[in-house]
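Work through the exercises below with the sequence and the structure in view. Each task is followed by a solution in steps.

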Amino acid sequence: GLAGVHLFGPRRRVPYAGPPYTIETKSFIFPICHDPTLYGRIMEVQKARRTIAPLLVDPIMRDLVRSEGREVVRAIEAGRRL
């Protein structure tokens with residue numbers, strides 16, 4: 001039969017990054033909240049998402065987007081340029 005070989009002996013795995021070294025969410029949010037330009041840009045993006053959301057939920061628009069997506073996929077699979 002086969003027998004396993006233990007090459008490294010008993011040891012404890014140390015995590016690559018522990019809590020003191022990881023980046024927290026506040027590391028991203030805090031600088032943006034205190035920068036008026038970045039915060040304004042984020043508000044613009046959120047407003048644009050809210051504006052387009054009803055259109056994407058509309059069944060007619062949703063079906064149009066899906067059909068165009070399928071056409072793009074078929075063209076890519078066929079090796080054609082759009």
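Helices and strands here are DSSP runs, of at least four residues for a helix and at least two for a strand, numbered from the N terminus. The model is predicted.

**Exercise 1. Find the pattern that the protein chain follows along the sequence.**

Step 1. Count the elements: the protein chain has three helices and zero strands.
Step 2. Reading along the sequence then gives α-α-α.

**Exercise 2. State what percentage of the 82 residues in the protein chain is buried.**

Step 1. A residue is buried when its relative accessible area is under 20%.
Step 2. Buried residues amount to 2% of the 82 in the protein chain.
Step 3. As for the surface, the chain exposes about 8400 Å², and 62% of that comes from carbon and sulfur atoms.

**Exercise 3. Check whether the span of helix 3 agrees with its number of residues.**

Step 1. The expected span is 1.5 Å times one less than the number of residues.
Step 2. Helix 3 has 20 residues, so a span of 28 Å is expected.
Step 3. The end C-alpha atoms of helix 3 are 28 Å apart, which agrees.
Step 4. Just after helix 3 comes Gly 79, with a positive phi of about 80°.

**Exercise 4. Locate the nonpolar patch on the surface and name the elements that give two or more residues to it.**

Step 1. The patch consists of Ile 52, Leu 55, Leu 56, Ile 60, Met 61, Leu 64 and Val 65, which together have about 630 Å² of accessible area.
Step 2. Two or more residues come from each of helix 2 (36-57) and helix 3 (59-78).
Step 3. Helix 3 gives the largest share, four residues.
Step 4. Ile 60 is in helix 3. Its relative accessibility is 59%, so Ile 60 counts as exposed, the cut-off being over 50%.

**Exercise 5. Name the residues of the positive surface patch, and classify Arg 70 as buried, partly exposed or exposed.**

Step 1. The positive patch is made of Arg 62, Arg 66, Arg 70 and Arg 74.
Step 2. Arg 70 lies in helix 3.
Step 3. Arg 70 counts as partly exposed because its relative accessibility is 47%.

**Exercise 6. Find the salt bridge and say how far apart its two residues are in helix 2.**

Step 1. Side chains of opposite charge can pair when their charged atoms come close.
Step 2. The whole structure holds one salt bridge. The side chains of Arg 41 and Glu 44 form a salt bridge, at 3.2 Å from N to O.
Step 3. Arg 41 and Glu 44 are three residues apart in helix 2, so about one helical turn separates them.
Step 4. Glu 44 has a relative accessible area of 48% and is therefore partly exposed.

Terms used: Residues are numbered from 1 along each chain as its sequence is written. This is a predicted model: local features need pLDDT of at least 70, side-chain atom pairs count only at pLDDT 80 or more; totals for chains, interfaces and linings use all residues. Side-chain values use heavy atoms; hydrogens and water are left out. Patches are made of residues with over 30% relative accessible area and no salt bridge: like charges are joined within 9 Å, nonpolar side chains (Val, Leu, Ile, Met, Phe, Trp, Tyr) within 5 Å. Accessible areas come from the Shrake-Rupley method with a 1.4 Å probe; for residues, only the protein chains shown count as cover. A salt bridge is a side-chain nitrogen of Lys or Arg within 4 Å of a carboxyl oxygen of Asp or Glu. Buried means under 20% relative accessible area, exposed over 50%, partly exposed in between (1.4 Å probe, protein chains only). Lys and Arg count as positive and Asp and Glu as negative; His and the chain ends are not counted. The place of a charge is taken as NZ of Lys, CZ of Arg, CG of Asp or CD of Glu.
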